[in-house]
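This report describes one protein model and the ligand bound to it. Please examine the sequence and the structure before reading on.

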Amino acid sequence: MDLNYTPEQEAFRQEVRQFLKDKLPADIQERVQKRLRPTKDMVQRWQQILHAQGWGGSTWPKEFGGPGWSEVEQLIFEEECALAGAPRQLDFGLRMVAPVIMKFGNQEQKDRHLPGILSGDVWWSQGYSEPGAGSDLASLRTTAERDGDHYIVNGQKTWTTLGQHGDWIFCLVRTNKEVKSQEGISFLLIDMKSPGIDVKPIIMLDGEHEINDVFFDNVKVPVENRIGEEDKGWTYAKFLLGHERTGLANVGQWKAMMRRMKEIARQEQDDGKPIIENPRFRDRLAQLDAELRALELTVLRVLTNASGPGPEASILKIRGTEIGQRMFELAMEATGQDAITHIPEALEPDYTGPLVGSVNAVPGAGDYFNMRKLSIFGGSNEIQRNIISKLVLGL
Ligand SMILES: Cc1cc2nc3c(=O)[nH]c(=O)nc-3n(C[C@H](O)[C@H](O)[C@H](O)COP(=O)(O)OP(=O)(O)OC[C@H]3O[C@@H](n4cnc5c(N)ncnc54)[C@H](O)[C@@H]3O)c2cc1C
């Protein structure tokens, strides 16, 4: 197997690089490179620019308006976007609910929802987890009771990432309590402006409002918003999780971060010496760099496998998230006391004040804390190990 990029793939990389140079707005790039969260407007503006180029849905097939890129081209595109400082596209619409709608939705649902996802006009959230239903997702208790041509939804979803911006949320709900827990679940698309929905912030360790509780109090949802068959939602949910995990290796983001880490490590510290001159630090950085390269090759190997990712998705999720977390640990060491400088207001979308200290240009304690989430969401790494032991090792 040849793991080098072909001349065509290298030419494609140059095309993407040039596009980013020409079209990535400077204000968005600056915010991303300073490791501040891009605002909702920035994420949507960037999505519109990509959409105008025909690149809005980099993983989408042509028949639904995507560019029809190969897996390797998608990887190159993501890597170049990360290296250039483009904001991450919103996975919940593009990579989670869209593939489910494409595969299991009816024509009306495709026509209604896919264009808004591609253009970035509609912000989607993921309503899977509940208090008491995370790893053991099938024990979820949010109910949807049939009332004529509507469902009446009651319950609570939690950890809903960026749900404060959400226009729509895709939810797993219990439609049958009489059968085995996996068999009584349905997959509903819910307009977040519906009466009875209340979104409440959860503030994370880094002080950011990134996640939310979402409460449903007698929310009326038309039956036509159900994907596929009633009580068959578990099948669609599992299909979606497979898509989520493959994206979690995050090679492009980590390569951009590694490049930044090397710059930081070469800067002079308070003692006048760059930390790269410390052999222990240098060894760990080199080790991580080699492991990142190995992850990149593994991702390429998995993606070019004709049968597509199976349980390998779990391996990529574990490896990618572990490398990411170690990267931020090292970054905190490299930045020394600057890592704890923190300007909470700078996390607000409308912050335009001075960016004092180096925290705004380098990853610091906030990032370190934030990245603890990597081994929890998308199915915790312990759960991924269970999957590997069962499906790969046959234990
Ligand atoms: C920052 C963040 C954002 C998130 N965003 C979203 C979102 O947008 N939408 C959404 O629906 N969900 C979201 N999640 C939820 C996420 O998917 C869950 O947190 C995750 O599935 C774990 O569930 P839990 O938190 O209930 O932990 P639990 O399931 O209670 O697990 C607690 C601990 O026990 C371990 N454990 C549990 N069961 C087993 C087992 N069988 N074998 C071995 N170890 C086990 C887990 O690995 C974990 O370490 C988000 C989570 C975080 C942290």
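How many nonpolar, polar and charged residues does the shell around the ligand have? The shell has seven nonpolar, nine polar and two charged residues. In this classification, Ala, Val, Leu, Ile, Met, Phe, Trp, Tyr, Cys and Pro are nonpolar, Asp, Glu, Lys and Arg are charged, and the others, Gly among them, are polar.

## Basis of the model

The model is predicted: local features need pLDDT of at least 70, side-chain atom pairs count only at pLDDT 80 or more, and totals for chains, interfaces and linings use all residues. Residues are numbered from 1 along each chain as its sequence is written, and side-chain values use heavy atoms, with hydrogens and water left out.

## The ligand and its surroundings

The ligand is surrounded by 18 residues (each with a heavy atom within 4 Å of it). The closest are Ser135, Trp159, Thr161, Ser380 and Glu382. Helix α12 (residues 381-391) contributes the most to this shell, with three residues; helices are DSSP runs (H or I) of at least four residues, and strands (E) of at least two. Domain 2 (124-231) and domain 3 (248-392) each supply at least three residues, the bounds coming from an automatic or database domain assignment.

Backbone atoms also form polar contacts with the ligand (pairs of N or O atoms within 3.5 Å). A nitrogen atom of the ligand lies 2.9 Å from a backbone N or O atom of Gln126, and a ligand nitrogen is 2.7 Å from a polar backbone atom of Trp159. For Tyr128, a polar backbone atom is 2.9 Å from an oxygen atom of the ligand.

## Annotated regions

UniProt, in an unreviewed entry, places "domain: Acyl-CoA dehydrogenase/oxidase N-terminal" at residues 6-121; such annotations may be inferred rather than shown by experiment. This span is 69% helix and 0% strand, and its end C-alpha atoms lie 36 Å apart.

The unreviewed entry lists "domain: Acyl-CoA oxidase/dehydrogenase middle" at residues 127-219. Residues 127-219 are 0% helix and 49% strand, with end C-alpha atoms 14 Å apart.

Conventions: A polar contact is a pair of N or O atoms within 3.5 Å; within protein, one must be able to donate a hydrogen and the other to accept it, and residues adjacent in sequence count only if both atoms are side-chain atoms.
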